[in-house]
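User: Please take a close look at a single part of this structure, namely one residue of the nonpolar interior and what surrounds that residue. A connected account would be preferred to a list.

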Amino acid sequence: MIDLIVRLFEEHRNQENAIPMQNYMKNKFLFLGIKTPLRRELMKRFYTETGVLKQDFQPSFVELLWEKDEREYQNAALDYMQKSIKKINKEHLPFLENLITTKSWWDTVDVLAPHLVGKVAKETPEVIAEYIEGWAYGDHIWLSRSSILFQLKYKVRTDAELLYRYILANAASKEFFIQKAIGWALREYSKTNPESVRSFIQLNNLPKLSIREGSKYI
């Protein structure tokens, strides 16, 4: 299967596109220069030709994509995982944790945390104590960000006490991506419970960036 994706992607390599795409991502990753609409078309073709979405979820396939240098391959892995989301469960948490901490940047983590980890934690809440608690109080920036963002899509099902506790555990961080995550999580939850978020912001010492982002709708 990996050979088919490589062939499809290589056929559409575009160096003219790749340069600005690499610049946008701070030159942390190489790019083939395949823009998102075309990449999605190629993935549809891949799914049709292989029938992979009708098969069991294949972590080894994701790992092969994750090992590739160009960022479009990690994007392809995320696309495959989102389309296979019903097959991803508690047993895959160590696998998801490894992806969060490998070739890490906001573009991968912000799919893995709120969509995939969030789905698993909603279905099997015991993974919060088993995994996510350690992420929140650890020193890995992208695991910390994931602990703050995994409830992003929960709305009324958000555990506000847990969210606020994880935010406070990271509130002293000088890391932009942590401060931004705090603001994003608060802003999203404020759509559901603005009074709770307003009170939390007023009562706690949070980074200015987090306050500005978190207060946009209140």
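Analyst: In this predicted model, Leu112 is in contact with Trp66, Leu78, Met81, Leu96, Leu99, Ile100 and Val117, when neighbours within four places in sequence are left aside. Leu112 is also among the members of the largest nonpolar core that touch the most other members, together with Phe9, Phe46, Val62, Met81, Leu96 and Phe150. That core holds 54 residues, and its largest share, seven residues, is contributed by helix H7 (residues 106-123). Apart from this core there is a second, separate one of 19 residues, including Ala160, Ile167, Ile178 and Ala185. In soluble globular proteins, nonpolar side chains tend to be buried together.

Polar side chains also occur in buried positions. Arg71, in helix H5 (residues 71-83), has a relative accessible area of 0% and therefore counts as buried, the cut-off being under 20%. The side chain of Arg71 forms a polar contact of 2.8 Å with that of Asp107 and another of 3.4 Å with that of Thr108. Beyond residues up to four places away in sequence, Arg71 touches Phe29, Leu30, Phe31, Lys103, Ser104 and Trp105, as well as Asp107 and Thr108.

A further buried polar residue is Asn170, at 8% relative accessibility, in helix H10 (residues 160-170). A polar atom of the Asn170 side chain lies 2.9 Å from the backbone oxygen of Tyr166. Outside its neighbours within four places in sequence, Asn170 is in contact with Ala136, Ser144, Ser147, Ile148, Ile178 and Ile182. Among these contacts of Asn170 is Ile178, which is included in the second core.

These local environments belong to a protein with 13 helices and zero strands. The radius of gyration is 18 Å, close to the 17 Å that the globule rule gives for 218 residues, so the protein is as compact as a globular protein of that length. The C-alpha trace spans about 55 × 35 × 30 Å along its principal axes. Of the 218 residues, 52% count as buried. Among contacts with a separation of 6 or more, 69% join residues 24 or more positions apart. The accessible surface comes to about 10900 Å², and carbon and sulfur atoms account for 50% of that area.

Key
Residues numbered from 1 in each chain as written. Predicted model: local features only at pLDDT ≥ 70, side-chain atom pairs only at ≥ 80, totals over all residues. Heavy atoms only, no water. Helix = DSSP H or I, 4+ residues; strand = E, 2+ residues; numbered from the N terminus. Buried < 20%, exposed > 50% of the residue type's maximum accessible area, 1.4 Å probe, protein only. Polar contact = N/O pair within 3.5 Å; in protein donor to acceptor, adjacent residues only side chain to side chain. Contact = heavy atoms within 4.5 Å. Core = buried A, V, L, I, M, F, W, Y, C linked by side-chain atoms within 4.5 Å. Rg over C-alpha atoms; globule rule 2.2 N^0.38 Å. Areas by Shrake-Rupley, 256 points an atom, 1.4 Å probe, with all protein chains shown as cover.
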